[in-house]
Amino acid sequence: MCTAAFTPRKASGEEEGLHEAGAYPKSTGANSDNAPAKPFQNGRSAGRNWAYRGSLTREQWLLTEIRIIARLRLEGLGDAEILGQNLNNNYFQYPTEREIRSITRACLLRLDNLSDNAELKLELTRSLANGTITQTSQINLYAIMRTYRLAWEFMVGVVGHKYRTFDMQLAKHEISAFLEGLRAQSDVVAPWSDSTLNKIRQVLTRCLVGAGYLTSPRSDELRPVLLDLDLERALRANGDTAALPAFNCLD
C-alpha cells in the first residue's frame with residue numbers, strides 16, 4: 001500500500017497533421033459521419049509504436065465530458081450509440097456537431113486506454129463515472145497518461161522525478177524545457193511550432209490543476225497528492241508501477 005510521501009474549437013492544420021493523420025483513423029461508408037472511429041491502439045498498449053500526438057491541444061482536460069461518456073458506456077451503449085445520443089442531446093452543450101464528435105471520440109479513446117484487461121477497464125470506468133472528485137480526477141489523469149505518450153513521459157519523467165527528489169517546485173520554464181527537449185529528440189515532435197508547444201504546456205498545467213497538483217495555473221508549487229487506493233491497485237495490475245511516483249506514491 002502506498003501512502004503520500006508528504007504531510008483534461010477547430011484544430012489547426014498543423015495539429016491535424018502532426019502524426020499519422022491525427023488521433024483517429026477516418027471512418028468510411030454511408031454512416032461515416034455519425035459512426036465513431038474504430039478502437040485505435042495508439043496508447044500505452046501500443047508499446048514501441050506509441051506515437052507522439054499533438055491533439056491534446058484541443059482535447060484538453062475533459063473531466064466533465066469523460067464522466068458523461070463513462071456513464072453512457074455503463075448503460076451498455078455501443079460507441080456508435082453513445083455518439084448518436086450525444087449528437088441528438090448535446091450533453092456537452094457544445095456549439096457544433098464537429099466538436100461533439102471530436103470530443104466524444106477523444107473520451108471513448110481515453111476509456112479504451114484505461115486497461116487492456118476488460119474487467120479492470122470496467123472497474124475504472126465505474127469509478128470514473130461515479131467516484132469522488134479526487135478519484136475521478138486522478139483516473140482521468142491516468143487515462144490521459146495512457147493515451148498520450150507526451151503526457152506519460154511528462155508525468156513520469158518530470159513530475160515523478162520531482163516527488164522522488166522532494167523538489168516541490170515546478171516552474172513553467174521546466175515544462176517548456178521538457179517540451180523543447182522532446183522536440184530535439186523526436187523527429188515527430190521536431191516540426192511542431194513554438195505556438196503548439198506553448199499550447200501543450202498550458203494543457204499540461206491545466207491537467208495538473210484539475211488533478212490537484214497545483215492550486216492554480218499560476219502556481220509553481222506541487223501539492224502532496226495522495227493516490228486513491230483503487231487507482232493504485234489498477235496501476236499495479238496494469239504493470240504501470242513506473243507511474244506511481246507521478247502520483248506521489250514512493251513505495
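Which residues in H6 meet which residues in H7? Let's start there, everyone, and keep in mind that we are looking at a predicted model. On the H6 side we have Leu124, Ser127 and Leu128, and they meet Gln135, Thr136, Ile139, Asn140 and Tyr142 in H7. Sorted by class, the residues of this contact are four nonpolar and four polar, with no charged ones.

Now let's put some geometry on that pair. Two packed helices are described by the angle between their axes and the distance between those axes. H6 covers residues 118-130 and H7 covers residues 133-147. They pack at an angle of about 130°, and their axes are 8 Å apart. An angle of that kind falls outside the parallel, antiparallel and perpendicular ranges, so H6 and H7 are called oblique to each other. The crossing of H6 past H7 is left-handed.

Let me step back to the overall picture. The protein has eleven helices and zero strands. Reading from the N terminus, then, the elements run α-α-α-α-α-α-α-α-α-α-α. There are 251 residues, and 53% of them count as buried. The exposed surface of the protein is about 11700 Å², with carbon and sulfur atoms supplying 49% of it.

Back to H6, which has a second partner to show you. Helix H11, residues 229-237, packs with H6 at an angle of about 155°, and here the axes are 11 Å apart. Angles over 145 degrees count as roughly antiparallel, which is why H6 and H11 get that description. H6 passes H11 in a left-handed crossing. From H6, the contact uses Leu120, Glu123 and Leu124, while H11 brings Leu231, Arg233, Ala234 and Ala237. That contact divides into five nonpolar residues, no polar ones and two charged ones. If you have the structure open, click on Leu124: this residue is part of the contact with H7, and it also takes part in the contact with H11.

On to another helix pair, H4 and H5. H4 is residues 79-89, and its axis comes within 10 Å of the H5 axis, crossing at roughly 145°. This time the crossing is right-handed. How many charged residues does the contact of H4 with H5 have? There are five charged residues, along with five nonpolar and two polar. The H4 residues are Asp79, Ile82, Leu83, Asn86 and Leu87. They meet Glu97, Ile100, Arg101, Thr104, Arg105, Leu108 and Asp112 in H5.

While we are on H5, which spans residues 97-112, find serine 102 in it. Serine 102 has 21% relative accessibility, and because the buried class stops under 20%, this serine counts as partly exposed. Its C-alpha is 9.2 Å from that of arginine 58, although serine 102 and arginine 58 are 44 residues apart in sequence.

Next, the stretch around H2. Where is leucine 56 found? Leucine 56 is in helix H2, and it is buried, with a relative accessible area of 3%. Leaving out residues up to four places away in sequence, leucine 56 touches Arg110, Ile144, Tyr148, Val203 and Leu204. Alanine 151 is 95 residues from leucine 56 along the chain, and their C-alpha atoms are separated by 8.9 Å.

Just after that comes the loop between helix H2 (56-59) and helix H3 (63-74), where glutamine 60 has its place. Most residues other than glycine have a negative phi. Glutamine 60 has a positive phi of about 65° although it is not a glycine. Leucine 62, in the loop between H2 and H3, has a positive phi as well, about 60°. Are these two residues buried or exposed? Glutamine 60 is partly exposed, at 24% relative accessible area, whereas leucine 62 is buried, at 8%.

My last stop is helix H9, residues 172-185, which holds phenylalanine 178. Phenylalanine 178 has a relative accessible area of 15% and is buried. Setting aside residues up to four places away in sequence, phenylalanine 178 touches Leu150, Glu153, Phe154 and Val158. For glutamate 153, the C-alpha distance to phenylalanine 178 is 9.3 Å, with their positions 25 residues apart in sequence numbering.

That's my tour. Thanks for listening!

Definitions and conventions:
Residues are numbered from 1 along each chain as its sequence is written. This is a predicted model: local features need pLDDT of at least 70, side-chain atom pairs count only at pLDDT 80 or more; totals for chains, interfaces and linings use all residues. Side-chain values use heavy atoms; hydrogens and water are left out. Axes are lines fitted to C-alpha atoms, for helices over the stretch in contact, and angles run from 0 to 180 degrees between N-to-C directions. Helices (H or I, at least four residues) and strands (E, at least two) are DSSP runs, numbered from the N terminus. Angles under 35 degrees count as roughly parallel, over 145 as roughly antiparallel, 65 to 115 as roughly perpendicular and the rest as oblique. A crossing is left-handed if the near helix is turned anticlockwise from the far one by less than a right angle, and right-handed if clockwise. Contact means heavy atoms within 4.5 Å. Ala, Val, Leu, Ile, Met, Phe, Trp, Tyr, Cys and Pro count as nonpolar, Asp, Glu, Lys and Arg as charged, and the others, Gly among them, as polar. Buried means under 20% relative accessible area, exposed over 50%, partly exposed in between (1.4 Å probe, protein chains only). Accessible areas come from the Shrake-Rupley method with a 1.4 Å probe; for residues, only the protein chains shown count as cover.
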